[in-house]
Amino acid sequence: MANLTLVQAINLALIQEMEADDRVILLGEDIGKNGGVFRVTEGLWQRFGPERVVDTPLAESGIIGTAIGLAMAGLRPVPEIQFEGFLGPAYDQICTHAARMRTRTRGAFSVPMTIRVPVGGGIHAPELHSDSPEAIYAHTPGLKVVMPSSPYDAKGLLISAIRDPDPVIFFEPKRIYRAFREEVPEDEYTIPIGQARVVTEGDDITMISWGAPVIQCMQAIEKASASGGAGKSIELIDLRTIKPLDIATIITSVKKTGRVIVVHEAPKTAGFGAEIATEIMEHCFLYLEAPPQRVTGFDTIMPYYKLELDYLPEEPRISEAIEQLAAF
Amino acid sequence: MTRTAPASPINRAARIPTKTLRQWLRDMLLIREFEVRCMQAYQNKKIGGFCHVYIGQEAVAVGCTAAVRPDDPIITAYRCHGHALARGMKSKYCMAELFGRIGGCAKGKGGSMHMFDKTRHFYGGHGIVGAQCPLGTGLAFATKYIDEVIEGGQSGKVTLCFMGDGALNQGSFHEAMNLAGILDLPIIFICENNGYSMGTAISRGTTMGHEITSKAAGYGMESAVINGMDALSVFNGMKPLADRCRETSRPVFVDMRTYRFKGHSMSDPRKYRTKEEEQKHEADDPIDRLAAQLINDQGMSKEEYDELIKDVRNEVREAMEWADASPPPPLEELYTDVYVETWGPYKGTSPPMMFLEEQAEAEAQKSGAKRRP
């Protein structure tokens, strides 16, 4: 066991997968000599050489297209896109090729590729460097979308993603890259894609989140617990995987609590919270005691850092939603 | 940058065995017959959606394929029937795909633009203009990586990445060229320059359209202009480029001058060009040219030529009958081949019938067992 940050946990997962499988190859802008824009790939270029940790030109469409070709030919590429906003230029390759290749070729070719992408706000960066586009990719059949909220989960989920036979977008919340440390086993282990984690158990309210806001949710839960208010026993579910969605865990919890809050950084309209709320109404309508609540980013472009914490779903807004829901 | 002049076909033709030339002629005739029947089938509503035929460009796919080895990867865009057939995909699977039947190479769910043959290292068949270029770069990267890093040997394969001249204006083409150049990848970008991206003449859509090898110069890449209307010129132009690319692992760009005799798709009114222009090019038919060379210089008789024509007609007729007898994909197929696992509505994945049948045939051949044709 080692006490690692999320960055270190990902770095360790990459090392172990590369050592175990020659087909695993990394490519991206400045991931080699410079160790990556967030230093996630630090030391890998020296360890595995420029043939396996490939510094590419600044060309997202070219990077992802090349990775798709590598994957179709039987390798396991792990391209890095520096910021989620830079997925834009690669959208064509992700959605017209990677997501559809298995279907287009009816199983003849697959794209076992894991796209690593730092995601979300909270690091004082402007838009295109602080966005949360997970719903866009969850809306595309053929892709899997993963977003860990802790170093332990990050390592286990990344290993699963690299070994997955289908394309995975692996979102790494930059706000918690180095925010805290956690015990992470040195041995390799996997966390299945598509399995949510019940972080805290509770009877009154189900709270669902993923990525960095899971931490804000925990703060709000602690506050609610400290205030000792009745009706505020909260069950927190960390999705870990946005697609495939672990709907079974959500249903079980909502049938118990009858009250739901979904918390995410992305804008509200057509955010993934809308999908979750609809699923809940389809499966648990008669169990609901109150309308599902959403605490999300606003329907506008991510603001620059002075307004950043107003935009993000911070603890006070989550706490307010808890109060409203408990009182409904 | 090295500029390679189109090789003289006459000098080197003698070096290619007559048997090989006859095979090329048959391949070109097969593509022509296949495409003519496709047009009819489209009119008869056997083929839905869109259909882009390769008539006029047959020498390109056949000559290029002949210049490389059977396990060198090939990828192209949406005008892909000719490449698939030239690579050896059986015409019945290709036709069944066009008919939208379960027997097709993609279970009849891909259609005209989506031909794939994994066994023959044919990687499609893609619908977005130019977007296949980075995939080609990745395929070349993969062969080099497997040869050098995994196998510990020397890079020994060449990837052929075909595109139309419309791709020259797409960003992904330029990203792929730059990547191939900077990473020293063994790939030949073959621009099938038929002068039009859909209805836009190259002079109206592409800077330096009169000299597109200048694009390669910007990436420090060797380039060549090849007469794509003559199979021998294609082969003789491509062979040394492919051999050198294999040896040096340096990318190459080819301006393959050709002409599509028909419209962009079946619903193209062709207002952008004149009848006279079309007739001029049709007089330079690549099939007539190779047939004349075989008849005049290699002693092929008129009867033998007629026999070849009859032979491909029979093959395509049988392919159409086979395709027609193949059922449409069942509704359950909607949720197969999206993910490998079964979850939610998804029902896992399985290879197309083409692979299973060909595998079984190969096994049967190995064991010497009897099999139905």
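**Close-up 1. Phe38(A) counts as buried, with a relative accessibility of 14%.** Let us start with one ring in this predicted model. Residues under 20% relative accessible area are called buried, so Phe38(A), at 14%, belongs with them. Tyr177(A) is buried too, and its relative accessible area is 2%.

**Close-up 2. Phe38(A) and Tyr177(A) make a tilted aromatic pair.** A search of the whole structure turns up 20 aromatic pairs over all chains, and here we look at one of them. The centres of the Phe38(A) and Tyr177(A) rings are 5.2 Å apart, with 50° between their planes. Where in the chain do Phe38(A) and Tyr177(A) sit? Phe38(A) is in the loop between β2 (24–28) and α2 (44–48) of chain A, while Tyr177(A) is in the loop between β7 (168–173) and β8 (182–184) of chain A. The pair therefore links distant parts of the chain, 139 residues apart. Which residues join Phe38(A) and Tyr177(A) in one aromatic cluster? They are Phe83(A) and Phe86(A).

**Close-up 3. In chain B, Trp24(B) and Phe235(B) form a tilted pair.** Why is this pair called tilted? Planes under 30 degrees apart would count as stacked and over 60 as edge-to-face, so the 50° between these two rings makes the pair tilted. Their centres are 5.0 Å apart. Both partners come from helices: Trp24(B) from α2 (residues 18–43) and Phe235(B) from α10 (residues 231–248) of chain B. Along the chain, these two residues are 211 residues apart, and their pair links distant parts of it. Are they buried or exposed? Trp24(B) is buried, with a relative accessible area of 5%, and Phe235(B) counts as buried at 13% relative accessibility.

**Close-up 4. Five strands of chain A form an open sheet.** Follow the strands across in the order β9-β11-β10-β13-β14, and you will meet mixed pairing. At the edges are β9 (197–200) and β14 (293–297) of chain A, each of which pairs on one side only. On average, neighbouring strands of this sheet are turned by 25° against each other, direction ignored.

**Close-up 5. Strands β13 and β14 of chain A run parallel.** Strands of a sheet pair through backbone hydrogen bonds. How many bridges join β13 (residues 260–267) of chain A to β14(A)? There are four. To find a bridge yourself, look for Val262(A), whose partner in β14(A) is Arg294(A).

**Close-up 6. Helix α12 of chain A lies across several strands.** This helix spans residues 315–327 and lies across β10 (205–209), β11 (234–238), β13 and β14 of chain A. Helix α12 runs at about 165° to β14(A).

Methods: Residues numbered from 1 in each chain as written. Chains lettered and ligands numbered in written order. Predicted model: local features only at pLDDT ≥ 70, side-chain atom pairs only at ≥ 80, totals over all residues. Heavy atoms only, no water. Pairing = 2+ DSSP bridges. Axes fitted to C-alpha atoms, helices over the stretch in contact; angles between N-to-C directions. Contact = heavy atoms within 4.5 Å. Phe/Tyr/Trp six-rings, centres within 6.5 Å; stacked < 30°, edge-to-face > 60°. Buried < 20%, exposed > 50% of the residue type's maximum accessible area, 1.4 Å probe, protein only.
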